[in-house]
Amino acid sequence: MLTGKHLIAGHWVGGDRTFHSSPSKGSAHEFSVGTPAEVEQAAQAAEAAFASFGYSSREERAVFLDLIADEIYARGDAIIEIGCQETGLPEARLIGELGRTVGQLRLFAQYIAEGDYLDRRHDRALPERSPLPRPDMRLMQRPVGPVAVFGASNFPLAFSVAGGDTASALAAGCPVIVKGHSAHPGTGELVAKAIDAARQVLNLHPGVFSFIQGGNREAGQALVQDPRVKAVGFTGSLGGGRALFNLCAQRPEPIPFFGELGSVNPMFLMPTAVAQRGGAIAEGWAGSLTMGAGQFCTNPGLAILIDGDDAERFIETAGKTLEGIGAQTMLTDGIAEAYRGGAGRIQASSGVREVLVTSCDNRNATPYLFVTSGREWLENATLGEEVFGPLGLVVKVADFDEMLTVASSLEGQLTCTLHLDTDDIAQSRQLMPIIERKAGRVLANGFPTGVEVCDSMVHGGPYPASTNFGATSVGTMAIRRFLRPVCYQNLPVELLPADLQSLE
Ligand code: NAP
């Protein structure tokens, strides 16, 4: 069923060097290692494809996106089977993620059909204006050109080969080259086949979509440096994202790198809420923290509350609830190792109390819970670094002023959460201007895991949550990353893009 090859401009091509997948169960498969030579071919084809795809109609692209959704859906059983083997994620989770991936493609099809994203503007000519006449000016958003996409290990479907980056780039009219994630190469290949099948049905240029397997870092690095690539969508770790972001900035022609990176997603627990329902919040937190072995970018790893009896009760309930949660399989051996390393780093930090220290081996993860004070937190910046997995850190601040200081010290986040009751509104109002500057999404009385795909979603935030605070990688606004505004001054109607010609 698997070729183990790359999809370059409509052809499945292999190479001399190979790597083996490392599934959590089932047998490993052999895959060709991606090289700069494949990147060269894919980029050349993508640039050639832009000449037609970049000028395709919104209706044509909507049909393409819907067809990709159909082709993925038709291969659903096989995709889920290999996805579960490669990632260790449970079947129900991947069934849900497949639905989300297909839904996301259909959402973009519908969204571009409406056309609002083009942001068309028209300033009519004012020939009689004095002292200077005004020319006829029109504006609309145009696709940027070929886009490179790097998916994350923890969403093998929704943030991978046909995930939000690919869907939004294709919707915009940009050919896409995906660098496959080495944690799920077989899943990636099957999804790439689905995209290519849809492309063939519509007889689109083969360079519209290419898929290059990983197996080393060279292919990804060559991809972001290729002069024909005009933007990069990346979801993954801070270290990997930063390395590729730097390469984009160092190019002779720098390009935007839209990196969605890690976050500790702090929760501020306000005093009345903790007093009234601290136990329920603790239980909810434990559930959110351990869902999917804590391998979510929106995992709420940090809880901040004011020291006292209510805080101790909250910690005790959280510890007891977490204790009852068993070992879960992590996505890769490396991620499991990094998780244990991160837990060890926090455990070894001064001023940190262990509430729950667990032991897990191989590719497994069990929860950890630690407590520190606001003062220690402020003195030790490493306590604010993401530990990817089911690890919680409670910061007990001395008073509300210290809570404000801790909030101000945070780095950029994907989300910040407030747990509050009516009597907490006044203090929460003081926190709002601080946390609003820190996060792409602020939420109340809930947990940030579970990212709705909709028009209002912002999945991004100030660095290091993302490398571009003006962007989101989830929701319809994600398309903006792959568009640029062009102004057409006094152009004859025949030379205007079709979408502008009819503009009054
Ligand atoms: P990762 O290790 O950074 O890998 C992401 C991709 O980048 C892979 O294709 C990887 O290639 C490539 N890569 C990494 N470092 C590179 C380098 N130096 N040069 C060239 N290519 C490089 O991330 P991950 O383990 O898949 O994902 C886990 C992280 O993603 C967590 O920190 C999590 O919080 C974050 N995340 C963020 C979001 C979000 O939306 N913000 C969503 C999900 C996850 P290989 O295949 O060769 O490893």
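In the predicted model, a backbone N or O atom of S153 is placed 2.8 Å from an oxygen atom of the ligand. Two side chains make approaches of this kind as well: a polar side-chain atom of E386 lies 2.6 Å from a ligand oxygen atom, and an N or O atom in the side chain of H459 is likewise 2.6 Å from an oxygen atom of the ligand. On its own the ligand has 910 Å² of accessible area, of which the protein covers 91%.

The space that the ligand takes up is the largest pocket of the model. Among the elements of secondary structure, β10 (231–235) and α8 (238–250) are those that give two or more residues to the shell around the ligand, and the greatest contribution comes from α8, with three residues. In total, 27 residues surround the ligand, and the closest of them are H181, S182, S237, E386 and H459; E386 and H459 are thus named both here and among the side chains with a polar atom 2.6 Å from a ligand oxygen atom. When the shell is divided by class, eleven of its residues are nonpolar, twelve are polar and four are charged.

With respect to the domains, residues of the shell are contributed both by domain 1, which is assembled from the segments 7–14, 29–261 and 466–501, and by domain 2, which spans 266–444, and the ligand therefore lies between the two.

Several features of the backbone were also noted in loops of the model. Most peptide bonds are trans, and most residues other than glycine have a negative phi. Against this background, the peptide bond from S130 to P131 is cis, with omega near 10°, and P131 is located in the loop that runs between β5 (121–123) and β6 (137–143). A cis peptide bond is also found from Y463 to P464, where omega is near 5°; P464 belongs to the loop between β20 (439–444) and β21 (483–489). Finally, D119, a residue other than glycine, has a positive phi, with a value near 50°, and D119 lies in the loop between α4 (91–114) and β5.

Key:
Residues numbered from 1 in each chain as written. Predicted model: local features only at pLDDT ≥ 70, side-chain atom pairs only at ≥ 80, totals over all residues. Heavy atoms only, no water. Near = heavy atom within 4 Å. Polar contact = N/O pair within 3.5 Å; in protein donor to acceptor, adjacent residues only side chain to side chain. Areas by Shrake-Rupley, 256 points an atom, 1.4 Å probe, with all protein chains shown as cover. 1 Å grid on protein atoms, 1.4 Å probe; cavity = no way out; pocket = protein on both sides within 12 Å on 5 of 7 lines; lining within 4 Å. Sits in = over half its atoms within 2 Å of the grid points. Helix = DSSP H or I, 4+ residues; strand = E, 2+ residues; numbered from the N terminus. Nonpolar A, V, L, I, M, F, W, Y, C, P; charged D, E, K, R; others polar. Domains from an automatic or database assignment.
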